[in-house]
Amino acid sequence: MNRAAALWIELLTGPTMWMLSLLLNFTIAPWICQLHWTAAPYLVISAAIIATAIAGWLSSREWKRIREDSTEKTALHALAAAATVLSGSFIVVLLAQAIPNTALLGCS
């Protein structure tokens, strides 16, 4: 896989994980109450945060590598920077999404 494709995947990982965690939490909500398994939303959010953090770490590593190699194009540098910043931003969004899971228990 070339650098640009990897950076695009890393750029889109955060928004994709956020969307998937919203969809999965909405989908499993009835089962959480029926099966009394309240850890499920935490596992979904944790998996999304971990995947986004890995993508951010990989893009920051690539950003540093591109910055050190002066022969690279500036478009890849900007893409790596955007992927790093976007991953960090979506980690904050995912953490904010986890707050209602801890404050509101829908089964009560």
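In which helix is the place of Thr27? Thr27 lies in helix H1, and the views below begin with this residue in what is a predicted model.

**View 1. Thr27 in helix H1 and its link to the backbone of Leu23.** The side chain of Thr27, a residue of helix H1, reaches the backbone oxygen of Leu23 at 2.7 Å. Thr27 has a relative accessibility of 43% and therefore counts as partly exposed.

**View 2. A nonpolar surface patch that includes Trp31.** Trp31, Leu35, Trp37 and Leu43 together make a nonpolar patch of about 500 Å² on the surface. Trp31 belongs to helix H1, which covers residues 3-35, and with a relative accessible area of 49% this tryptophan is partly exposed.

**View 3. His36 in the loop between H1 and H2.** Most residues other than glycine have a negative phi. His36 is not a glycine, yet its phi is positive, at about 55°. The residue sits in the loop that lies between H1 and H2, and His36 counts as exposed because its relative accessibility is 68%, where the cut-off is over 50%.

**View 4. Thr52, a buried residue of helix H2.** Thr52 has its place in helix H2 and, at 0% relative accessibility, counts as buried. When residues up to four places away in sequence are not counted, Thr52 touches Thr13, Gly14 and Met17, as well as Ser87, Phe90, Ile91 and Leu94.

**View 5. Glu62 and its surroundings in helix H2.** Glu62 is also placed in helix H2, and its relative accessibility of 11% puts this acidic side chain among the buried residues, since buried means under 20%. The side chain of Glu62 makes a polar contact with the side chain of Arg65, at 3.0 Å. Leaving aside neighbours within four places in sequence, Glu62 is in contact with Arg3, Leu7 and Ala80.

**View 6. Trp63 of helix H2 and the residues that it touches.** Trp63 is found in helix H2, which spans residues 40-68, and counts as partly exposed at 25% relative accessibility. Not counting residues up to four places away in sequence, Trp63 touches His77, Ala80, Ala81 and Thr84. Trp63 and Ala83 are 20 residues apart in sequence, while their C-alpha atoms are 9.0 Å apart in space.

**View 7. The largest nonpolar core, and a second core separate from it.** The largest nonpolar core has 7 residues in all, namely Leu7, Leu11, Ile66, Leu76, Leu79, Ala80 and Ala83. Two elements, H1 and helix H3 (74-103), each give two or more residues to this core, and H3 gives the most, with 4 residues. Leu79, one of the core residues, touches Ala4, Leu7, Trp8 and Leu11 when residues up to four places away in sequence are not counted. A second core, separate from the one just described, has 5 residues, among them Ile45, Ala48, Ile49 and Ala98.

Conventions. Residues numbered from 1 in each chain as written. Predicted model: local features only at pLDDT ≥ 70, side-chain atom pairs only at ≥ 80, totals over all residues. Heavy atoms only, no water. Patch = residues over 30% accessible without salt bridge, like charges linked within 9 Å, V, L, I, M, F, W, Y side chains within 5 Å. Areas by Shrake-Rupley, 256 points an atom, 1.4 Å probe, with all protein chains shown as cover. Salt bridge = Lys/Arg side-chain N within 4 Å of Asp/Glu carboxyl O. Buried < 20%, exposed > 50% of the residue type's maximum accessible area, 1.4 Å probe, protein only. Contact = heavy atoms within 4.5 Å. Core = buried A, V, L, I, M, F, W, Y, C linked by side-chain atoms within 4.5 Å. Polar contact = N/O pair within 3.5 Å; in protein donor to acceptor, adjacent residues only side chain to side chain.
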